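Here are some questions to work through with the model open. Each answer ends on what was asked for.

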Amino acid sequence: MDSAIAQKTWELENNILTVETPDPSSDSIFYYDEAAQAKFQQEKPWANDPHYFKRVKISALALLKMVVHARSGGTIEVMGLMQGKTDGDAIIVMDAFALPVEGTETRVNAQADAYEYMVDYSQTNKQAGRLENVVGWYHSHPGYGCWLSGIDVSTQMLNQQFQEPFLAVVIDPTRTVSAGKVEIGAFRTYPEGYKPPDDPISEYQTIPLNKIEDFGVHCKQYYALDITYFKSSLDCHLLDLLWNKYWVNTLSSSPLLGNGDYVAGQISDLAEKLEQAENQLAHSRIGPLGPPRKKLQEESQLAKITRDSAKITLEQVHGLMSQVIKDILFNSVRQSSRSQNDQSGPEPMIET
Amino acid sequence: MASSSSSGLTFKLHPLVIVNISDHYTRVKSQLNLPPSLTSTSSAATSNNNNNNSNGGENNQQKPPRVYGCVIGVQRGRTVEIFNSFELIYDPSTRSLDRSFLEKKQELYKKVFPHFYVLGWYSTGSNAQESDMHFHKALMDINESPLYVLLNPAINPAQKDLPVTIYESELHVIDGVPQLIFVRSSYTIETVEAERISVDHVAHLKPSGGSAATQLAAQLTGIHSAIKMLNSRIRVVHQYLVGMQKGDIPCESSLLRQVSSLLRRLPAIESEKFQDDLLMEYKDTLLITYLAMFTNCSSTMNELVDKFNTAYDRHSRRGGRTAFI
């Protein structure tokens, strides 16, 4: 960890610019080879190996569209489809489009309604020169993390029976904005009755109390794929130039203001979890002959709560840091005339 | 053909539109350039690509293909905000726009984004051309004053500015004949927080997840680069002013006025209430940190007590271990 910090400091001090020469040959990923894709469809190498697809490559455009769409839904779940192709054991997502259905508990029915839209949209796309097929679906879980709920799992299992190759992607726009990094997960379900050979440890994420049962019941029925992103040479160039314009937005963003509701929700959820953990703790005190199994569960639950609280704090501290920096930059002009009392408060403590 | 617009409208462009157009262009270009015989392995493919691109480059001394599409968004009062875009089918040789396609697409997009409507069209190229006016006029029955967004796809590493220009059409009287000509307008880039984060993510490929230290580093790096930009811009203005003072550069009072008004805006906020609110936020964050530390401590204590109990358990029927106490 120390070496990573040191490297970053060195990079900063020396203004290292990782120059990725935009290479037109790297744009070959945009070429759609119809014959190869048709051949792959016929071979169906995934039919024998439930773990066949391991990686996902998402284009910059698809990511942007999905995140913007997910965010525009606010606290309502939204969904859409992704178009792309396959490449060995990777699924490549080139584009995404939104579907005019709102997320409700009866989402499986809503799929039928969206088929007409999907057919129309795919037809117009093919006419306009986008030749890829639908290769997956995405939906948003605003505020409660990237995982597949029970209904999602059954929808995806159905999809994987009839529409292979198919991918499920979940985006959390609220956590994206709060944490400052994109919260996204790509999943594929195992077929009914299949037991995965080993249990891959996925990255821990906090799940609110009212959803944790749903998560726990189904979390063994699917696996997560690695996500990487790609962009064309023109995209690289444009995004670099874009930075010239929107560095202002980076400086002026105030995450504390924007995420107040979400943080309050997280803290109250944490309080409920603590109460639950406390009850369990009390039980084990009464019965000293309680099986050691139970003790292990509480410990891990308390440890989980600790991790959650650390995460919330970290995000708050980051938000406060940007506020303080802005204050120092823009407000402390006449500080030499004022008293030196409130020059700089104690440094915020950082969790390790 | 490009004087500055006088319509008084302010334009806001979202980065999604720019990425959309760029993707459309790259797609069409790659479908044309690469021959279908690309079934070799990836390493051979890249060498093939280089070969083919150089050959294709010779063949493609003709212009790279122009793509056309529609931009949609909202207009509120005098502010025009362009949110999204989609492709259109247009045949430049016969100058015919596929109407049914346009209507179909419009309908589809209306279902998902009911607030957006067609604001204009886009194309790629280096300059606005006469033939573009034809397309522009064709779109005028949907929106009586459409915009024309032009993206220059040539990658020029020395370029500092975004190669995107927005044109409006104005009726000017030239040689006694009223004609529509394109006039350039300025625009700003507008983005919502989520868009900014994902653009940042893809542009700089920030590390996701990882320990608190890497997250902190990522956050601070972002702010650091933004401040560096601010610093460099201020230096430029400073140099300019010093030059003006020395007399190297002729005095320009309008610029001086702008700089002075900018300086007068500092400090940005200086009220007591603001300081109070800031300190309140500071206290809240410190409180949350305190609580988190508390939770951490109590969890560690709990673990310690449990381990202690397991090690020196007097009620254990397993026997063997005697209590020290």
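**Helices, interface and salt bridges**

Q: How far apart are the end C-alpha atoms of helix α3 (residues 99-112) of chain B, and what span should its 14 residues have?
A: This is a predicted model. At 1.5 Å a residue, the 14 residues of helix α3 of chain B should span 20 Å. That agrees with the distance between the end C-alpha atoms, which is 21 Å.

Q: Which residues of α3(B) are buried?
A: Buried means under 20% relative accessible area. In α3(B) the buried residues are Phe101(B), Leu102(B), Lys105(B), Leu108(B), Tyr109(B) and Val112(B). They lie on the same side of α3(B), because they cover an arc of only 130 degrees around the axis.

Q: What arc do the buried residues of helix α4 (residues 130-138) of chain B cover?
A: The buried residues here are Asp132(B), Met133(B), Phe135(B) and His136(B). Their directions place them on the same side of α4(B), since the arc around the axis is only 160 degrees.

Q: How much area do chain A and chain B bury between them?
A: The contact takes 99 residues from chain A and 100 residues from chain B. In chain A, Tyr31(A), Leu64(A) and Trp247(A) lose the most area to chain B, together 7% of what that side buries. Carbon and sulfur atoms carry 68% of the buried area, and the area itself is about 10000 Å².

Q: Which residues form the salt bridge across the interface of chain A and chain B?
A: The rule finds 1 salt bridge across this interface. Its closest N and O atoms are 3.1 Å apart. The partners are Lys104(B) and Asp120(A).

Q: Which helix gives the largest share of the side of chain A that touches chain B?
A: Between the two chains, 6 residue pairs are in polar contact. On the side of chain A that touches chain B, the largest share is 22 residues. They come from helix α11 (residues 292-331) of chain A.

Q: Is Gln75(B) buried, exposed or partly exposed?
A: Gln75(B) sits in strand β2 (residues 68-76) of chain B. Beyond four places in sequence, Gln75(B) touches Leu9(B), Val80(B), Tyr117(B) and Leu119(B). A polar atom of the Gln75(B) side chain lies 3.4 Å from the backbone oxygen of Gly77(B). With a relative accessible area of 33%, Gln75(B) is partly exposed.

Q: How far apart in space are Gln75(B) and Ser299(B)?
A: In sequence, Gln75(B) and Ser299(B) are 224 residues apart. In space, C-alpha to C-alpha, the distance is 55 Å.

Q: Which residues of chain A are in contact with Arg196(B)?
A: Arg196(B) lies in helix α5 (residues 193-204) of chain B. Its relative accessible area is 9%, so Arg196(B) is buried. Leaving aside neighbours within four places in sequence, Arg196(B) is in contact with Thr191(B) in chain B. In chain A, the contacts of Arg196(B) are Tyr246(A), Asn249(A), Thr250(A) and Ser253(A).

Q: Which residue meets Arg196(B) in a salt bridge?
A: The N to O distance is 2.8 Å. The two residues are about one helical turn apart, because 3 residues separate them in helix α5 of chain B. The partner is partly exposed, at 25% relative accessible area. It is Glu193(B).

Q: Which residues do salt bridges that share partners join into one network?
A: A search of the whole structure finds 14 salt bridges over all chains. Salt bridges that share partners join Asp23(B), Arg27(B), Glu87(B) and Lys105(B).

Q: How many residues apart in sequence are the parts tied together by Asp89(A) and Arg55(A)?
A: The two side chains meet in a salt bridge, 3.0 Å from N to O. Asp89(A) is partly exposed at 24% relative accessibility, and Arg55(A) is partly exposed at 36%. Asp89(A) lies in the loop between β2 (78-87) and β3 (90-102) of chain A, and Arg55(A) in strand β1 (residues 55-59) of chain A, so the parts tied together are 34 residues apart.

Q: Which residue of the salt bridge between Arg76(B) and Glu81(B) is buried?
A: The side chains meet at 3.6 Å, N to O. Arg76(B) is exposed, at 53% relative accessibility. At a relative accessible area of 11%, the buried residue is Glu81(B).

Definitions and conventions: Residues are numbered from 1 along each chain as its sequence is written. Chains are lettered from A and ligands numbered from 1 in the order in which they are written. This is a predicted model: local features need pLDDT of at least 70, side-chain atom pairs count only at pLDDT 80 or more; totals for chains, interfaces and linings use all residues. Side-chain values use heavy atoms; hydrogens and water are left out. Helices (H or I, at least four residues) and strands (E, at least two) are DSSP runs, numbered from the N terminus. The expected span of a helix is 1.5 Å times one less than its number of residues. Buried means under 20% relative accessible area, exposed over 50%, partly exposed in between (1.4 Å probe, protein chains only). The arc is that of the directions from the helix axis to the C-beta atoms. Contact means heavy atoms within 4.5 Å. Buried area is the accessible area (1.4 Å probe) that two parts lose on being put together, summed over both. A salt bridge is a side-chain nitrogen of Lys or Arg within 4 Å of a carboxyl oxygen of Asp or Glu. A polar contact is a pair of N or O atoms within 3.5 Å; within protein, one must be able to donate a hydrogen and the other to accept it, and residues adjacent in sequence count only if both atoms are side-chain atoms.
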